[in-house]
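Subject: Structure handover

Hello,

Here is the structure you will be taking over. Please open it alongside this message, as the notes below refer to it throughout.

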Amino acid sequence: MASVTSLSDSVQQQLASALSATVPEAAGADPLLRRSDRADFQANGILALAKKAKANPRELATQVVSQVVTGDVIKEVEVSGPGFLNITITDKAITENLAARYADETGRLGVPSAANPGTTVIDYAQPNVAKEMHVGHLRSAVIGDSAVQLLEFTGENVVRRHHIGDWGTQFGMLIQYLDEHPHELDHKAAQVTGEEAMSNLDRLYKAARKLFDSDEEFKTRARRRVVDLQSGDPHTLAMWQKFVDESKIYFFSVFEKLDMEIRDPDIVGESGYNDMLAETCRLLEESGVAVRSEGALCVFFEDVKGPDGNPVPLIVQKSDGGYGYAATDLSAIRDRVFNLKANTLLYVVDARQGLHFKMVFETARRAGWLNDDVKAFQLAFGTVLGKDGKPFKTREGETVRLVDLLDEAIERASAVVREKAQDLSEEEIAERGAQVGIGAVKYADLSTSAIRDYKFDLDQMVSLNGDTSVYLQYAYARIQSILRKAGEVRPAAHPELALAQAERALGLHVDAFAETVAEAASEYAPHKLAAYLYQLASLYTSFYDKCPVLKAETPEQVENRLFLCDVTARTLHRGMALLGIRTPEKL
Ligand code: ARG
């Protein structure tokens, strides 16, 4: 079923044909339609057209107006200012349009599904084996998950890839240490899983690191272990596998706490590309993209220089023959382009890895793996800061464990829910507390543009006033409560009714859902959807203040307002889901 065209789209189309009827050369020109406070919409596109045609913009605008058909949809169109068009929509069109999406059983609320979708591989939620997840891993997971939801909803084929750090020299150190101190993990790991096991692994990691840095002989043994691991020694591999399995159990427990679905087959860590590394290097060397320099295989760039002015290369293979992060990422690109048939590669990774990706992408472009049809993009995100504006640390100066932070958010949110709760059981309070707490953390992350740093401030995040998820969740729950109170009276659209100003503003904003989703998806910008939803909740609040729903004047008006409430709720629910946030029915 074709999706319901939004009002702004139909107005846009009407204006575009009026434009080309007036100035035939202008066929395809964008009338530049925007929502406006003065009328319902304003079109600014005539100014540029007039300039091009060397015509008087106001005169041109007047001619365009004469071509616009007013009536069913457009109530009035007039020229304003230097040659803008102010457009007012009929109340009937607003209600009818919302009614059409309300009736559309696909629940897509006017958002079209791409007819010829591409394939996007999204690399996100990529913690490291044998290390605890910290607040930096939060952003990749939260932003990445929202990008997945947004793109899938627009019809794109999405392949998720969790590029976990599961390979490298540190595993030689870990395995050697554990082999020499078997008691340090075994008796505990046998009984515990998830967070506690991970705590043990993390402690083990720190102990091994300490020994590695202080004991030369251990260092030598650990290095030999790396060679064993790389050459596939069965005992060493089995121990490595144990670390990976243990860590994955822990990752899953954290992702579950984050209310996020991560699927095992999508976890393809660094080790997953081991078989491709030698070939990747051979291809780069043979094509001349990479050259040998002091024994290492390197790629050089005009514009990448160190502080001393000398070029800093991307090292694809070290002089000792070892492969690193770059070789793995280049191999992953080949896999994603040639096996997964991706058109777009999206990397949700900390901005501090920007130079790495710049060099990796440019190398892949030179090798012909990336080109105009297959593009790679780093969705880079900024740092999570503490209240003091410095990178978030515990009082002791250590990195903050993600689980501790999530637990605290849930606890704080549960207190807020409990305070407001009227008819909730303890069990419900716990469930809502988790939904509100995790929602608060996600929303704080998603409501600023990814590249910006933000302060992790739980007081602000769980506040009922302001731009928070709790505010949005309350708006949704309030609507559900009205719908429950309405009992037998069901929402129904009555296009013949005149609308109050607050109803029009709300309706026109609901109408903009499809274009907001399209923009947020194509720009990988969930914050645009968050801003839209916050405004939706605010417009709903003013509607609710000004327009009595159950006590409206006529039974038709009650039904029509219930309908406006419900279509708002569905939009909130869908939009929040695209951000990975729940909307409880009761709060
Ligand atoms: N594991 C890395 C980290 O914790 C992030 C991996 C990003 N993805 C990639 N393809 N390099 O920093």
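The notes below go through two groups of strands and then two regions annotated in UniProt.

Please keep in mind that this is a predicted model.

The antiparallel sheet

Start with the open sheet of 4 strands, whose order is S1-S2-S4-S3. The pairing in this sheet is antiparallel. Its edges are strand S1 (33–35) and strand S3 (74–80). Each of these has a single partner strand, so one side of S1 and one side of S3 lack a neighbour in the sheet. From one strand to the next, the twist averages 25°.

At the S1 edge, the partner is strand S2, residues 41–43. The two run antiparallel and are joined by 3 bridges. To find this pairing on screen, look for Arg35, which stands opposite Phe41 in S2.

At the other end of the strand order, a helix comes into the picture. Helix H3, made of residues 57–67, lies across S3 and strand S4 (84–89). The angle at which H3 runs to S3 is about 165°.

Strand S5 and its parallel partners

Further along the chain is strand S5, residues 119–123. S5 is mostly covered, with 4 of its 5 residues buried. Strand S6, residues 157–161, runs parallel to S5, and 5 bridges join the two. Within this pair, Thr120 stands opposite Val158 in S6. Between S5 and S6 the chain passes through helix H5, residues 135–153, in a β-α-β crossover that is right-handed.

S5 also pairs with strand S10, residues 344–350. This pairing is likewise in the parallel sense and has 4 bridges. Here the residue to look for is Val121, which stands opposite Leu345 in S10.

As background, strands of a sheet pair through backbone hydrogen bonds, in either a parallel or an antiparallel way.

Annotated regions

Two entries from UniProt, both unreviewed, can be set against the model.

One is a short sequence motif, the 'HIGH' region, which UniProt lists at residues 127–137. In the model, this stretch is 27% helix and 0% strand. The C-alpha atoms at its ends are 6 Å apart.

The other is a domain, given by UniProt as "DALR anticodon binding" and listed at residues 472–587. Over those residues the chain is 69% helix and 0% strand. The end C-alpha atoms of this region are 11 Å apart.

Regards

Definitions and conventions:
Residues are numbered from 1 along each chain as its sequence is written. This is a predicted model: local features need pLDDT of at least 70, side-chain atom pairs count only at pLDDT 80 or more; totals for chains, interfaces and linings use all residues. Two strands pair if DSSP finds at least two bridges between them. Axes are lines fitted to C-alpha atoms, for helices over the stretch in contact, and angles run from 0 to 180 degrees between N-to-C directions. Two residues are in contact if their C-beta atoms, placed from the backbone, lie within 7 Å. UniProt positions are given in the numbering used here, feature names are shortened, and annotations may be inferred rather than shown by experiment. A residue is buried if 20 or more other C-beta atoms lie within 10 Å of its own, exposed if 12 or fewer, and partly exposed in between; C-beta atoms are placed from the backbone. A crossover is right-handed if, with the strands pointing away from the viewer, the path from the first strand over the helix to the second runs clockwise.
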